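Here are some friendly notes to read alongside the model. Keep the 3D view open and look for each contact as you go.

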There are 2 protein chains.
Amino acid sequence: MIKKQLIMEKALELFAKQGFEATSVQQITEHCGISKGAFYLSFKSKDELILALINHFMMQFISEIDYIVRNTNDDKELLYKFYYATFDSFHKHSDFAKILMKEQGQSINKELILKMHYYDRLFETVILSMIERLYGKEVKQTKYDLIYCIKGFMNTYSTLFLFSNVPLDVNKLSKSLVEKTNLLARHTTVPFISQELFQMFNHPMNEEGTKKEQILEIMEQKIKEMVEPIEKESLILLKEQLLEPTLSPAIVKGLLENIRNHPHCKWISYLLRGYFKL
Amino acid sequence: MIKKQLIMEKALELFAKQGFEATSVQQITEHCGISKGAFYLSFKSKDELILALINHFMMQFISEIDYIVRNTNDDKELLYKFYYATFDSFHKHSDFAKILMKEQGQSINKELILKMHYYDRLFETVILSMIERLYGKEVKQTKYDLIYCIKGFMNTYSTLFLFSNVPLDVNKLSKSLVEKTNLLARHTTVPFISQELFQMFNHPMNEEGTKKEQILEIMEQKIKEMVEPIEKESLILLKEQLLEPTLSPAIVKGLLENIRNHPHCKWISYLLRGYFKL
DNA sequence: TTGACAAATGACTCGTTAGTCATTATTATA
DNA sequence: TATAATAATGACTAACGAGTCATTTGTCAA
């Protein structure tokens with residue numbers, strides 16, 4: 001298990017520098033100081049490795065941003081916090097962000113493309129819920145355009161500081177983008193992306209409906225692995241709540257809070273927040 | 001020479017579908033109905049092919065947009081025409097645009113990365129000159145941000161219609177982006193990218209200063225190849241003008257107009273417009 | 001028809017890579 | 001200490017791809 005993490009860390013560095021295709025398993029194992037055979041004890045294939053990396057970081061990223069959007073009460077702060085957290089995350093995990101940019105749309109692996117689409121959709125959902133909350137009916141016609149504008153901002157500005165070695169002021173950048181986003185939200189009158197168009201783009205959303213049964217499966221897996229008592233009990237209680245709702249919303253929310261910051265529970269926490277509508 | 005074009009066309013299709021790395025020379029030659037050896041009669045290597053493709057399309061694209069920006073007199077139309085031409089070009093050459101998106105930042109080839117950066121800088125220059133003309137001192141503090149916003153819009157909206165099979169209304173999209181750009185230009189007060197920052201990003205601009213001597217070299221090459229009498233004479237006169245300015249601006253402009261629409265002269269025409277400041 | 005020249009071919013070389021598996025080293029258990 | 005179980009190794013295979021070059025095919029002038 002610890003070996004798996006080592007491989008993921010070292011591979012991340014190489015992928016960010018050279019790209020996925022251009023990095024051989026040989027190189028990865030050398031960089032880890034292990035043998036080639038040892039690699040295949042942890043991962044069935046090179047593809048499984050990149051998939052694990054994508055999953056690991058995207059789950060972390062999405063759940064982090066989603067938590068911020070759900071738990072920032074002050075509307076005035078929300079957009080700033082959203083941008084700040086996004087760029088801060090890109091900055092902290094810049095190697096992963098680089099891979100994301102490089103492998104964008106690329107990748108021969110079909111499963112990977114689907115996964116990327118899936119996370120992209122999730123992220124769009126988070127943005128959309130934020131926009132709807134902040135601007136309400138004001139952006140009824142233009143909210144889908146706003147999503148793409150926000151994504152466009154994130155894309156260009158990320159590329160900028162990921163691929164040049166210029167130190168960046170996340171605070172200043174976020175403030176600047178908050179102003180731009182507000183401007184567009186409040187004054188745009190000519191929409192391009194209608195709801196129909198938006199749904200057409202997002203058609204293959206099916207991938208992992210993440211229904212009750214799937215959440216249960218993931219939870220059982222984690223409960224087995226978990227050693228910390230508080231987190232473990234919280235997980236068990238939440239699992240029971242999932243099977244048969246008996247606890248009050250306050251208790252459920254508290255239990256979620258217990259597991260939220262455990263590195264292995266962020267994703268479960270995100271799924272449950274969605275399921276319990278908290 | 002005609003073989004070269006065939007290879008470029010067929011390779012473009014495959015690269016757009018599968019990516020550059022994932023496409024073998026074997027596949028390209030099979031798709032062309034020629035032998036592997038024949039490929040190497042036209043191109044020294046696979047890298048030379050992708051470089052030729054990038055050069056071919058980027059020259060065409062940049063010079064087209066530059067011409068529009070320089071020759072649209074009505075400021076009210078300019079931004080619309082800019083967006084329209086951009087998306088129209090992406091649409092017409094969607095296979096190339098796909099490659100551009102996929103190979104973005106990627107690519108092991110150093111020469112290619114430099115070339116891409118170079119064209120990126122040229123495109124930014126065109127955008128900047130347009131912004132300065134349209135908004136003047138109004139955007140003194142925010143013009144560099146505006147460049148990246150425009151590029152961000154282009155990026156997200158292109159991805160959208162390049163990788164989903166939804167038919168697009170370029171007219172509507174352009175109008176929508178014109179409004180957004182105007183909003184940002186007129187009301188943004190919080191800049192993020194200062195002039196210093198902008199220059200830091202663009203540091204390695206050196207690549208092909210495209211000075212007089214280089215233009216001359218390209219011209220001599222083209223003069224030899226050219227068969228059409230009017231274009232040929234225009235080129236010869238322009239070459240003389242480059243060596244020793246004797247003609248009036250009106251005549252020079254007319255000569256440029258003569259060659260502008262010849263598929264092989266667009267790039268020269270662009271370089272000369274810059275050199276003669278027309 | 002012939003011979004000289006150019007165009008085109010594809011079998012071949014050489015390097016590289018993902019993935020396997022018989023063998024060896026390490027650790028746990030009795 | 002002996003034995004079993006598990007972890008780790010790296011030489012090996014099979015496949016593929018870029019680029020080469022001896023040979024064949026086509027063209028055209030004499």
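## Notes on the two chains and the DNA

1. Let us begin where the protein chains meet. Chain B puts 39 residues into the contact, and chain A puts in 39 residues as well. Please keep in mind while reading that this is a predicted model.

2. How much area is buried between chain B and chain A? The value is about 3,600 Å², and carbon and sulfur atoms give 70% of that area.

3. Charged pairs also appear here, with a count of 2 salt bridges between chain B and chain A. One to find on your screen joins K180(B) to D145(A), where the closest N and O atoms are 3.7 Å apart. For polar contacts across the interface of chain B and chain A, the rule finds 10 residue pairs, both residues being at pLDDT 80 or more.

4. Which elements of chain B give two or more residues to the side that touches chain A? They are helix 8 (143-163), helix 9 (170-187) and helix 10 (195-201). Helix 8 of chain B gives the most, with 10 residues. Sorted by class, the residues on this side of chain B are 18 nonpolar, 12 polar and 9 charged.

5. Now turn to the DNA. DNA strand C is surrounded by 14 residues, and the closest are V25(A), K36(A), Y40(A), K46(A) and S35(B). Of the atoms of DNA strand C that come within 4 Å of the protein, sugar and phosphate account for 53%.

6. Which parts of the protein supply at least two residues each to the surface near DNA strand C? Helix 3 (36-42) of chain A does, together with helix 3 (36-42) of chain B. Helix 3 of chain B provides the largest share of that surface, 4 residues. By class, the surface near DNA strand C is made up of 5 nonpolar, 5 polar and 4 charged residues.

7. Three atom pairs are worth zooming in on. In V25(A), a backbone N or O atom lies 3.0 Å from a phosphate oxygen of DNA strand C. With K3(B), the side chain takes part: one of its N or O atoms is 3.1 Å from a phosphate oxygen of DNA strand C. G37(B) reaches a base instead, with a backbone N or O atom 3.4 Å from a base nitrogen of DNA strand C.

8. To recap, try finding two places again: the salt bridge between K180(B) and D145(A), and the backbone of G37(B) beside a base nitrogen of DNA strand C.

Definitions and conventions: Residues are numbered from 1 along each chain as its sequence is written. Chains are lettered from A and ligands numbered from 1 in the order in which they are written. Side-chain values use heavy atoms; hydrogens and water are left out. A residue is near a molecule or strand if one of its heavy atoms lies within 4 Å of it. A polar contact is a pair of N or O atoms within 3.5 Å; within protein, one must be able to donate a hydrogen and the other to accept it, and residues adjacent in sequence count only if both atoms are side-chain atoms. Ala, Val, Leu, Ile, Met, Phe, Trp, Tyr, Cys and Pro count as nonpolar, Asp, Glu, Lys and Arg as charged, and the others, Gly among them, as polar. Contact means heavy atoms within 4.5 Å. Buried area is the accessible area (1.4 Å probe) that two parts lose on being put together, summed over both. A salt bridge is a side-chain nitrogen of Lys or Arg within 4 Å of a carboxyl oxygen of Asp or Glu.
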